[in-house]
Amino acid sequence: MTKRILVVDDSPAIRSGIKMLLKQSGYTVEIAGDGEQGLQVAKEGRFDLILSDIMMPHMNGIEMIHALRKLPSYSAVPILVLTTESENELVRRALEAGARTWMIKPFAPDMLLQTVEAALEAPRGDVAAG
């Protein structure tokens with residue numbers, strides 16, 4: 001069965017680029033423009049992986065991760081944080097909220113695909129990236 005991925009980012013260019021890359025790799029992809037919208041889309045569907053920016057309007061990625069982790073259906077779903085922020089404090093807060101790993105934007109498409117594949121295959125542990 002095709003894996004479903006939710007991409008949450010306030011940049012239309014980032015969302016469409018990641019969506020195109022993942023769809024070409026055989027994934028089903030939905031998108032959301034901020035954490036609030038991402039939480040709503042996640043509640044309406046069932047996703048195998050969530051990719052999220054941190055700094056977004058309305059609800060940031062860390063707040064969305066906290067909300068998702070409270071939902072039984074998302075307690076173990078891997079969440080990857082994609083961010084331009086390399087500040088250790090933000091990354092630490094995202095990981096503490098329940099993100100499995102993070103990547104700094106911009107990133108190479110093949111690196112994103114490798115990280116996505118590793119997250120989907122890994123048991124509930126950390127996935128190396130950065």
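## Strand 4 and its surroundings

In this predicted model, strand 4 is largely enclosed by the rest of the structure, because 5 of its 5 residues are buried. Both of its faces are covered: I79, V81 and T83 are buried on one side, and L80 and L82 are buried on the other.

Strand 4 pairs with strand 3 and with strand 5. Strand 3 (residues 49-52) and strand 4 (residues 79-83) run parallel and are joined by 3 bridges. In this pairing S52 stands opposite V81. Strand 4 and strand 5 also pair in the parallel sense, over 4 bridges, and here L82 stands opposite M103.

## The sheet

The sheet is open and has 5 strands in the order 2-1-3-4-5, with parallel pairing. Its edges are strand 2 (28-32) and strand 5 (101-104), each of which pairs on one side only. On average, neighbouring strands are turned by 20 degrees against each other, direction ignored.

The side chains of edge strand 5 alternate along its length. T101 and M103 point to one face and are buried, while W102 and I104 point to the other face and are not buried.

## Helix 1

Helix 1 (residues 12-24) lies across strand 1 (4-8), strand 2, strand 3 and strand 4, and runs at about 170 degrees to strand 2. At 1.5 Å a residue its 13 residues should span 18 Å, which agrees with the 18 Å between its end C-alpha atoms.

R15, I18, L21 and L22 are the buried residues named in helix 1. Viewed down the helix axis, the buried residues fall within an arc of 140 degrees, so they line one face of helix 1. Their cover includes strand 1, strand 2, strand 3, strand 4 and helix 5. The face turned away from this buried side carries the exposed residues P12, A13 and Q24. Just after helix 1, G26 takes a positive phi of about 95 degrees.

## Helix 5

Helix 5 (residues 109-121) has 13 residues, which at 1.5 Å a residue should span 18 Å; the end C-alpha atoms are 18 Å apart, in agreement. The buried residues of helix 5 are L112, L113, T115, V116, A119 and L120. Down the axis of helix 5 these buried residues occupy an arc of 165 degrees, so they line one face of the helix. Strand 1, helix 1, strand 3, strand 4 and strand 5 are among the elements that cover them.

## Two nonpolar cores

In soluble globular proteins, nonpolar side chains tend to be buried together. In this model, the largest nonpolar core has 23 residues, of which L6, V8, I50, M64, L68 and Y74 touch the most other members. Strand 1, helix 2 (35-44), helix 3 (61-69), strand 4 and helix 4 (88-97) each supply at least two residues of this core. Helix 3 gives the most, with 4 residues. A second, separate core has 17 residues, including I18, V29, L51 and L113.

The contacts of V8 can be listed in full. Leaving aside neighbours within four places in sequence, V8 is in contact with A32, D34, G35, G38, I50, L51, S52, D53, M56 and M64.

A67 is found in helix 3. With a relative accessibility of 21%, A67 counts as partly exposed, because buried requires under 20%. A67 and V116 are 49 residues apart in sequence, and their C-alpha atoms are 22 Å apart in space.

## Backbone exceptions

Most residues other than glycine have a negative phi, and most peptide bonds are trans. Two loop residues depart from these patterns. H58, which is not a glycine, has a positive phi near 70 degrees. H58 is placed in the loop between strand 3 and helix 3, and is exposed, with a relative accessible area of 63%.

P106 lies in the loop between strand 5 and helix 5. The peptide bond from K105 to P106 is cis, with omega near -5 degrees.

How values were computed:
Residues are numbered from 1 along each chain as its sequence is written. This is a predicted model: local features need pLDDT of at least 70, side-chain atom pairs count only at pLDDT 80 or more; totals for chains, interfaces and linings use all residues. Side-chain values use heavy atoms; hydrogens and water are left out. Two strands pair if DSSP finds at least two bridges between them. Axes are lines fitted to C-alpha atoms, for helices over the stretch in contact, and angles run from 0 to 180 degrees between N-to-C directions. Contact means heavy atoms within 4.5 Å. A nonpolar core is a set of buried Ala, Val, Leu, Ile, Met, Phe, Trp, Tyr and Cys residues joined through side-chain atoms within 4.5 Å. Buried means under 20% relative accessible area, exposed over 50%, partly exposed in between (1.4 Å probe, protein chains only). The expected span of a helix is 1.5 Å times one less than its number of residues. The arc is that of the directions from the helix axis to the C-beta atoms.
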